[in-house]
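Hi there,

Here is the structure I promised to pass on. Please have a look when you have a moment, and my notes are below it.

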Amino acid sequence: MSHASVPHDGHSSHADAGHADGHGHGSAEHSKYPFLAHHFETPVQQFDSAKLGMWLFLATEVLFFGALFVAYAVLRSRFPEVFSYGSHYLDTVMGGVNTCVLILSSLTMALGVYFAQRGKRIALVVCLWLTMAGAAGFLVIKYFEYSHKIHDNLVWGPSFYIPPHDAIGEAESVALAHAPAPAPAAVPAPVNSAPTGVPMIGARPAVDASVIKPASIGPGGLGAGVVNSASAVTFDVIPSQIPAAHLEDPNMPPNTHMFFAIYYAMTGLHGFHVIVGMVVIGMLIYRATRGDFGPNYFTPVDLVGLYWHIVDLVWIFLFPLFYLIH
Amino acid sequence: MTHSHSNTANEGHPLVGHLVPVSTLVATASALLVLTVITVAVRYIDIGEFNLWVAIGIAVVKAALVACFFMHLRWDRPFNLLVFIGCIIFVILMMAFSVLDTSQYRATQYTGNPPVAQETLDANAPGAPVARFKPELNP
Amino acid sequence: MTTIVSPRPEALDTSASTDNYLTFTKGFRSWALTLDHKRIGVMYMGAVLASFLVGGIFALLLRTELLTPGKTIVSADMYNQFFTLHGAIMVFLVIIPSIPAALGNFVLPIMLGAKDVAFPRLNLFSFYLWIGGAMFTLYSLAAGGFDTGWTFYTPYSTTTTTGGVIPVLTGVFILGFSSIFTGLNFIVTVHKLRPPGMTWFRMPLFLWALYATAIIQVLATPVLAITLCLLIVERLLNIGIFNPSMGGDPVLYQHFFWFYSHPAVYIMIVPAMGIISEIISVHSHRQIFGYRFIAFSSIAIAMFSFIVWGHHMFVSGQSGLMNTIFSLISFSVAIPSAVKTFNWTMTLYKGTISLTAPMMYGLSFLFLFTIGGLTGIHLATLNTDVHLHDTYFVVAHFHYVMMGSALIGMIGGLHHWWPKMTGRMYNEKTAIIASIIIFVGFNITFFTQFMLGSQGMPRRYYDYQPEFQIYHVISTIGSYIMAFGFFLCASCFVQSLLGGKKAPVNPWGGRSLEWQCSSPPPHDNFSSPPKVGNCYDFSMLRWDEKEQGYVVDKELEAKSIAAEARGHS
Ligand SMILES: [Cu+2]
């Protein structure tokens, strides 16, 4: 058999042996290995085909995500200040924990392949359950991240510029209780500020500029090199704890919503892949419990493993590109 | 169906695939965790533009570790490695051309919020003190 | 290596018709759930031809509407939907799957000497994905149609109020995955299922072409998929990545779209080139000229196709620097295409040309592809393109390539492998007349459009200046002639199915492996891996009157083996 690739270590000899001594051998192989499909001659051929097929599928996954990485690069090169500003709204601790969770679940998946190869059924099932737990944990943490952001209206599109209901309610009560106070002097007057008293669309109550809380807690001065010494804060303060903090920050660069658009697009697609991963790992658990896999036949475990590692691999890039922008 | 643990699959020489020892896998995961800590730490050091490249560099090393050891590429058919590297090259190609194009018309882009964003802002939070100017682009 | 070509006895025995793939099992389920690549190929072929009929009807409606300026038969809005549908159906439902999925599925494993493709279930799955995608596309009509053009350019596609946009985007998304899985299957099959003796450079050139195509399918289509996803999300959730009024970048959409759709042009044309390599060589009974050049030029086209996409965006706001770079690289694609054309011409030179129906289509291809390819150079030239962009010149150019080359190649291939697929011959005379009518009608239709375009008639317009009318009338008449030719061709096939002569094992004198198994082939192609020889060495074949086909002559074979042995020593 003339593989395009150079055969490696010992087991290619099986393939050559399978072909060299005539082709009646095929049926002998088939009775010896019940899992061998009729159109393959040897288990090695079947295994190699499955692996190559999976790698090609992973190539399509790489390009699938790749296009979004290109969108990321284009947007980031257009709005560098937006990305370094927006990044500080993301929770590095949660992102970091999620990275570790995925790495550990990748480890348990790789161990699962190992135990499948060794024919250790119980260990394989345990590893798969651990992987499943990792995937679920990742999604739970992701859920908390998303819900915090959506609560604070840190979202894509025009909604990004609508104060959340909490903020409006708060502003109203403040307005009722106190006379309007002048904005803190530390906040520089925005250049080219919009005229107040613009007609309202919809039935939202008018919110006067003066009653929206000053941006002293927002991540002022962190973006775009426009350092405002008075309102500059450290990263430790999570600005999103204050609803609509982003609308109160005079240093928020234009187009910040684009950061969140690409953030949700990429992490959302990744999250979808995690869900798909849980489904296929679930199917593996069923088959592994039944005892389908052994030293000669563990292809599905291996392929799902490859898929799961590529999901991990994508996250390895997403994490620094979104959470860790200086 | 069950498979006999016959002599066709004695350790180190399985019928198909490559057996990667547990110690290697655990070592790989440990290295990945250490690199994660490093990449988080680097974030807090200001080295200008290099922050991005260091972050990407560490991510590439981590990705290589995952691909070589978890995904068995180190022992796999070379063509599978070629497929993997090839598709990454095509992504880089697409990225290079698109970013090169974008960088050409950076000067003509908006100097403020785009229309729909600004309209929504004016309608819902007319006095919000967010910036309405285009900050200086990083040189 | 010796070349021993002795078709196995059971393969020669055409009377054993009980064991052919068509009659192997019976009933609807045996087809609907089949894992046999041949049946899947035949089902694809039926589905593709049905879509071709629908797309063709829209084309005729368009041409009829353009007979007079202003309204002829339909309103302007209707016209917009018609050309969009014509484009989307012809590109995504017809041309892209026509050769790889329909003909390729049938031919590839047999040519290779394999029992099936590497993943038969995935193969069936991708057929049903195709059906699903087609259903969504049909549903989009019921949901209000779409008038975006087949390119779905933003921001129009995200703001238009026609209701069928999301269904058709979903449909094309699904069709994309059908295409990806076919390509994936073919790459693995070619890599892992080659029998002993079938080295890379013994593979027929059609396999090289399908392999190159599969690379493009696997690498380019995912980008289209994610782009369409983003469009759907844009329409549903207003995410704004392509929306300029939200700070997004519509040029980015075009980068994404053409990163797929330029290579997609080669998904259409490269397999047709592979078919032509087979047809030209087999029907002129002459060793293909420059085998390795043709093989590598397929791969070269596949690779180059990924770095020229910007030539579709010269007037879309792409930067001047990129315009220049893309224009330059685009010229380079002409080199591998020209290499092929020269090699085909050299194969014909001093060949024993049989003017069979497949050969007629092969010669049509040579003529039409040369025109289509050379006008592509006009359009790749930056300053010429600024004048010609979005005119009928472009329409004529890509019809010469996509229809005059890709589809004509497909129809030629269908004639070439029809006896193998159905076990029946068709009326050669009618088929040849049909091919001539199609060729003439095609040129009348589209050559006039080159003139229209160079005089400034923009594409996709409903109305036009009176001075353009004469060209439009000629073009429309040409399209009717062409339609007549296709109906003649179809009737020829129907006639063949109903009462055609029994096809011999080898009606044309081909040497690749599919001409060694019976017509139609048995269920599992080869019970044991076949012996492989040089598939372009026709010296040992002679016409046999009793068989009504070509057979291997023992004397000539011995001579040929001796000659090859001398050559090796
Ligand atoms: Cu193009």
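These are my notes on a metal site, a helix pair and some salt bridges. Please keep in mind that this is a predicted model.

Let me start with the metal. In chain C, a copper ion is held by three histidines: His262(C) coordinates through ND1, while His311(C) and His312(C) each do so through NE2, at 1.8 to 2.0 Å. Along the chain, these donors follow the spacing H-x48-H-H. As for the surroundings of the adjoining pair, His311(C) and His312(C) are both buried.

Next, the helix pair, also in chain C. Helix α8 (residues 205-237) of chain C packs against helix α10 (residues 291-304) of chain C, with the axes 8 Å apart and at an angle of about 10°. Angles under 35 degrees count as roughly parallel, so α8(C) and α10(C) are roughly parallel to each other. What kinds of residue make up the contact of α8(C) with α10(C)? There are 13 nonpolar residues and one polar, with no charged residue in the contact. On the α8(C) side you will find, among others, Leu205(C), Trp208(C), Tyr211(C) and Ile215(C), and the α10(C) side includes Tyr291(C), Ile294(C), Ser298(C) and Met303(C).

Now to the salt bridges, which come to 11 over all chains. A few of them seemed worth pointing out to you.

One joins the side chains of Glu145(A) and Lys142(A), at 3.4 Å from N to O. Both residues sit in helix α6 (residues 121-151) of chain A, three residues apart, or about one turn of the helix. Are these two partners buried or exposed? Buried means under 20% relative accessible area; Glu145(A) has 1%, so it is buried, and Lys142(A), at 4%, counts as buried too.

Asp292(A) is worth a look as well, as it takes part in two salt bridges: with Arg287(A) at 2.8 Å, N to O, and with Arg290(A) at 2.6 Å, N to O. Asp292(A) is buried, with a relative accessible area of 3%, whereas Arg287(A) is partly exposed at 26%.

Finally, there is a network of salt bridges that links Lys51(A) and Asp302(A) with Asp76(B), so named here with residues from chain A and chain B.

Do write back if you would like to go through any of this together.

Best wishes

Terms used. Residues numbered from 1 in each chain as written. Chains lettered and ligands numbered in written order. Predicted model: local features only at pLDDT ≥ 70, side-chain atom pairs only at ≥ 80, totals over all residues. Heavy atoms only, no water. Donors = N, O, S within 2.8 Å, 3.2 Å for Na, K, Ca; no water. Buried < 20%, exposed > 50% of the residue type's maximum accessible area, 1.4 Å probe, protein only. Axes fitted to C-alpha atoms, helices over the stretch in contact; angles between N-to-C directions. Helix = DSSP H or I, 4+ residues; strand = E, 2+ residues; numbered from the N terminus. Parallel < 35°, antiparallel > 145°, perpendicular 65-115°, else oblique. Contact = heavy atoms within 4.5 Å. Nonpolar A, V, L, I, M, F, W, Y, C, P; charged D, E, K, R; others polar. Salt bridge = Lys/Arg side-chain N within 4 Å of Asp/Glu carboxyl O.
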